[in-house]
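Colleague: Could you take a close look at the ligand site for me? I'd like to know what surrounds the ligand and which atoms make the polar contacts.

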Amino acid sequence: MISENLLEVRQEIQNSCALVSRNPEEVNLVVVTKSVGTQEMTALYQLGERNFAENRVDVLLEKQEALKAFPGIQWHFIGHLQRRKVKKVIHTIDYFHALESLKLAEEIQKRATKVLSCFVEVNVSGEESKQGVSPAELLSFIQALQPFDKIKVVGLMTMAPFEADEVEQLAIFNQLRSLQEMINDLAYDYAPCTDLSMGMSNDFSAAIQAGATYVRVGSALFKE
Ligand SMILES: *Cc1c(COP(=O)(O)O)cnc(C)c1O
């Protein structure tokens, strides 16, 4: 049941915060809806959830249309965004979680009519299959974004390897937090970098312990 799953996830968010004396209100639950339809989304909306994430442009647009009578939803785009699809989606989302190339930044700059809140995706684990800038390139990447006045770097995003144990998850997420603090300390206007998008169904507890402010959870909410 969705409502029971949601209670469990909210409880685990609370417990993870308690472990490290964090205020649970700092942690935003982003519901990843790529495996479900609008019925499940409506159920979660009615249970109070307002942050929804998709990784396909066409599906996102369809769901936005279907849910347009529901006020107050924050829409997130996660996952790889093809440059040719930028113009279709940037004016309909509140957060973009996968900024990982200057070419993509250029396209956003060209198409945007307002500032887009972006997370820079960092490949902390170094897995070849993963998108993202390397930790070593992060500072120069962020500095190269300075001329793009349509991009605001609100934070960093990463994914831990699926098979990582909790010790490895914590190491990866703590590394992302160090990088976030390093950028935040520079106090660039265009890159406040106050947030951390990290943690999925199998590792959001570790992510919260390491400082996540946005956890992206799908399967834990929709399991049978
Ligand atoms: C699918 C996905 C998630 C959610 O994963 P679950 O394991 O279903 O919680 C989070 N982030 C990204 C980028 C995803 O693609």
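Modeller: Let's start with Arg216: one of its polar side-chain atoms is 2.9 Å from a nitrogen atom of the ligand. Keep in mind that this is a predicted model. On to the ligand's oxygen atoms: Lys34 brings a polar side-chain atom to 2.7 Å from an oxygen of the ligand, while Ser219 uses its backbone instead, with an N or O atom 2.8 Å from a ligand oxygen. As for cover, the ligand on its own has 390 Å² of accessible area, and the protein covers 86% of that. The spot it occupies is the largest pocket.

Now the rest of the shell. Besides Lys34, Arg216 and Ser219, the residues around the ligand are Val32, Ile78, Met157, Met159, Met200, Ser201, Val217 and Gly218. Sorted by class, that shell comes out as six nonpolar, three polar and two charged residues.

For the wider setting, the unreviewed UniProt entry lists residues 26-222 as "domain: Alanine racemase N-terminal". In the model, that span is 36% helix and 19% strand, and its end C-alpha atoms are 24 Å apart.

Methods: Residues are numbered from 1 along each chain as its sequence is written. This is a predicted model: local features need pLDDT of at least 70, side-chain atom pairs count only at pLDDT 80 or more; totals for chains, interfaces and linings use all residues. Side-chain values use heavy atoms; hydrogens and water are left out. UniProt positions are given in the numbering used here, feature names are shortened, and annotations may be inferred rather than shown by experiment. Helices (H or I, at least four residues) and strands (E, at least two) are DSSP runs, numbered from the N terminus. A residue is near a molecule or strand if one of its heavy atoms lies within 4 Å of it. A polar contact is a pair of N or O atoms within 3.5 Å; within protein, one must be able to donate a hydrogen and the other to accept it, and residues adjacent in sequence count only if both atoms are side-chain atoms. Accessible areas come from the Shrake-Rupley method with a 1.4 Å probe; for residues, only the protein chains shown count as cover. On a 1 Å grid over the protein atoms alone, a cavity is a set of points where a 1.4 Å probe fits but cannot get out, and a pocket is an open set with protein on both sides within 12 Å along at least five of seven lines; lining residues have an atom within 4 Å of a point. A molecule sits in a cavity or pocket if more than half of its atoms lie within 2 Å of its grid points. Ala, Val, Leu, Ile, Met, Phe, Trp, Tyr, Cys and Pro count as nonpolar, Asp, Glu, Lys and Arg as charged, and the others, Gly among them, as polar.
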